[in-house]
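The following paragraphs lead the reader through selected side-chain and helix contacts. Please consult the sequence and the structure shown here alongside the text.

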Amino acid sequence: MMQSDGSEDQEKWLAEGIAGLQQNSFYMHRALDSNNLRDALKYSAQMLSELRTSRLSPHKYYELYMRAFDELRRLEMFFREEIKRGCSIVDLYELVQHAGNILPRLYLLCTVGSVYIKSKEAPAKDVLKDLVEMCRGVQHPIRGLFLRSYLSQISRDKLPDIGSEYEGGADTVIDAVEFVLQNFTEMNKLWVRMQHQGPAREKEKREKERSELRDLVGKNLHVLSQLEGVDLDMYKETVLPRVLEQVVNCKDEIAQYYLMDCIIQVFPDEYHLQTLETLLDACPQLQPTVDIKTVLSQLMERLSNYAAASTEVLPEFLQVEAFAKLSAAIGKVIEAQPDMPIVGAITLYVSLLTFTLRVHPDRLDYVDQVLGACVKKLAGKGKIDDSRATKQVVALLSAPLDKYNNIVTALKLSNYPRVMDYLDYGTNKVMAVFIIQSIMKNNTQISNSEKVEALFELMKGLIRDIDGTPDDELDEEDFKEEQNSVARLIHMLMNDDHEEMMKIITTVKKHVLQGGPRRLPFTIPPLVFSALKLVRSLQGQEGQGASEEGDVTPKKIFQLLTQIIEALSLVPSPELALRLYLQCAEAANDCELEPVAYEFFTQAFILYEEEIADSKAQVTAMHLIIGTLQRMNIFGVENRDTLTHKATGYSAKLLKKPDQCRAVYACSHLFWVDDQDGAKDGERVLLCLKRAIRIANAAQQMANVTRGSSGPVTLFVEILNKYLYFFEKGNPQITSTVIQGLIDLITNEMQSDNIAPDRSADAFFASTLRYIQFQKQKGGTMGEKYGPIKV
């Protein structure tokens, strides 16, 4: 890419400056090699005159400066050698001040001054004071900044610090601090002055250039932080007040932000903690445009890391009331900047909350106080529509969950739900999912109905449509995942106390029944099973039928279950409701509540008759009814006959003949149940099986009419296996003769020319015959029974 005209000019001017510098450097080196001091000073002054340019940008000027810096180091070594050869350092210090231009003169003066201090022929503080005062002679911002940066670099190892070789006598660390502070102050003034150089249209360019030079100013603070003599008392009494005074008084946005950040980064955490009030008092005095939220956030992050690194320092945080001071400072900053975007204020509260959770995790009142301050700031603003602010609110709400790993702790925070109310519908749901994930991850059991109420209020975005906002536009897979997470949550709500568990179930019922037709199929089943679990735990308790009105009884729970399952009629979801009714009927059977069990079966049959029209669904439902009814042992003769009659009747009316056949032979188990007195009616078992054979024959004939060949004999083999089952169970109506006749029937069918070949049916029949043969060979009573059967 071609460079712009400005860039080309910069490169050209830099090249010219380097060429001039190199030319004079060459002559300077020749003079140095011949020990010609005056010529060396003359050419070095001419070399340094290249730094007087005003045409270079800060970045390009820095390149030129570094080349000059390298040459000055060589010159300094020469001066040291001259002193060793007998040259007077005082004379040399005077001599360099005769250079024609002030900028080269001061560079040379600083270089000789470095040698002067090292010679120890004069107190270091006097030389340093002279140098820092003399540098005032250069007031051009860029040239002055680099000159003072050079002074800082050549003097940093010659400051009269504690333990330094330059300490002693009249030289103390106070002199070192005073020198660095004075140099810092002057550099900052030069840096700030840059904003006023040039036309207003180039303001953005100047600000970029200023940012490139900020490290020159900040290095002074780094030097201060490295001084051994700058202890907490000196930092508190001298260093920090002087630095903050300069920061506040410069009234420059870039300088204030950078220097506040620099203070926080370079000085020790312990110092920040002990001077927290002083540091925080400066924040509201900064320009309104300063990004103070980032400064405060970094301060709180450093302090919280300090606390996390060693628990021994925690008493210091309490002693200085760090939380109260930070909280008050944030309040003042937000109040002083009424135009601060809402995202900025919330970011501050996130940082304060993070600090609180790390330093004072046991103080829930502090955590709630931060949330309350956020609520106060959000008051009257309605739902947050700024995505960045929303992200910060989510971070604010997530922090306590991440810290405590226990939603129960978060539920103790009165302002937690109030903050959550300001989230929009979509984000509210995201936060609700996060809460559920936290509960699942930490296996948190919610065992109090009040806590459940609070929890479901937090998650209302998942449980029901808020403000009439439907979920129709939500991706189906996402919606299912959300509702499945709610279902998993319901299983985490438990209490061994029956009264309290009943309250929990009632509370959950109140919330989930508001979910609407799309949600109920997901949320009602877990609620039903939670209630059934409570029923099971009540089984066997004495006097449950004659309990007092206020006690939890199975009857009351079953009444509640009826109301819950009936809600599915709004969906409608008859197949699910039928399954749940059958589960309840089985539980009622175990509780020996015959009327209740009968009522649940009645509801299941009504659903089957009136709501389930799909043929496949009917087959599934019929087998569920038969299977459940088989396990029931509570019914008297009359009720059982009524239900089995209904089941066999509906089985014979299924749409497809194969389905009819299988349902009918399944009904045979209703009349022969092991280990149950009065439930073994061999005659009716045989009637069911004979009816199944007739239906199988009809299916064969229908296949012959429609396709020109008979269907597979699988149905007959299945019926044969039922015969064998009841034969072994001792049903007197099922004899070896009957079985032999059925085997012969199947064999003839399979040999018929009209039969459709079916390998699976052939294998099934062969396997059944092998079983019969095995029983015959095994001998014993069963072998004798199977003896007459020929295979």
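**Rings, charges and a helix pair**

In this predicted model, the charged end of Lys 785 is placed over the ring of Phe 727, at 4.5 Å from its centre. A second arrangement of this kind involves Arg 363, whose charged end sits over the ring of Tyr 366, 4.1 Å from the ring centre.

Rings also pair with one another. A pair of aromatic rings is described by the distance of the centres and the angle of the planes. The structure holds 25 aromatic pairs. One of them joins Phe 26 and Tyr 27 in an edge-to-face arrangement, with 5.5 Å from centre to centre and 70° between the planes. Phe 26 is partly exposed, at a relative accessible area of 48%, and Tyr 27 is likewise partly exposed, at 28%.

Phe 479 and Phe 522 form a further pair; their ring centres are 6.0 Å apart and their planes lie at 85°, so this pair is edge-to-face. Because Phe 479 belongs to helix H25 (residues 476–490) and Phe 522 to helix H27 (residues 520–538), the pair ties together parts that are 43 residues apart in sequence. Both Phe 479 and Phe 522 are buried.

Elsewhere, Tyr 61, Tyr 62, Tyr 65, Phe 69, Tyr 107, Phe 146 and Tyr 150 make up one aromatic cluster.

Helix packing offers another view. The axes of helix H11 (residues 253–266) and helix H14 (residues 292–309) come within 10 Å and cross at roughly 0°; H11 is therefore roughly parallel to H14. Residues in this contact include Tyr 257, Met 260 and Ile 264 of H11, and Val 295, Leu 299 and Arg 302 of H14. The contact residues divide into six nonpolar, three polar and two charged.

Conventions. Residues are numbered from 1 along each chain as its sequence is written. This is a predicted model: local features need pLDDT of at least 70, side-chain atom pairs count only at pLDDT 80 or more; totals for chains, interfaces and linings use all residues. Side-chain values use heavy atoms; hydrogens and water are left out. Axes are lines fitted to C-alpha atoms, for helices over the stretch in contact, and angles run from 0 to 180 degrees between N-to-C directions. Helices (H or I, at least four residues) and strands (E, at least two) are DSSP runs, numbered from the N terminus. Angles under 35 degrees count as roughly parallel, over 145 as roughly antiparallel, 65 to 115 as roughly perpendicular and the rest as oblique. Contact means heavy atoms within 4.5 Å. Ala, Val, Leu, Ile, Met, Phe, Trp, Tyr, Cys and Pro count as nonpolar, Asp, Glu, Lys and Arg as charged, and the others, Gly among them, as polar. Rings of Phe, Tyr and Trp (its six-membered ring) pair if their centres lie within 6.5 Å; planes under 30 degrees apart count as stacked, over 60 as edge-to-face and the rest as tilted. Buried means under 20% relative accessible area, exposed over 50%, partly exposed in between (1.4 Å probe, protein chains only). A charge sits over a ring if NZ of Lys or CZ of Arg is within 6 Å of the ring centre and within 35 degrees of the ring normal.
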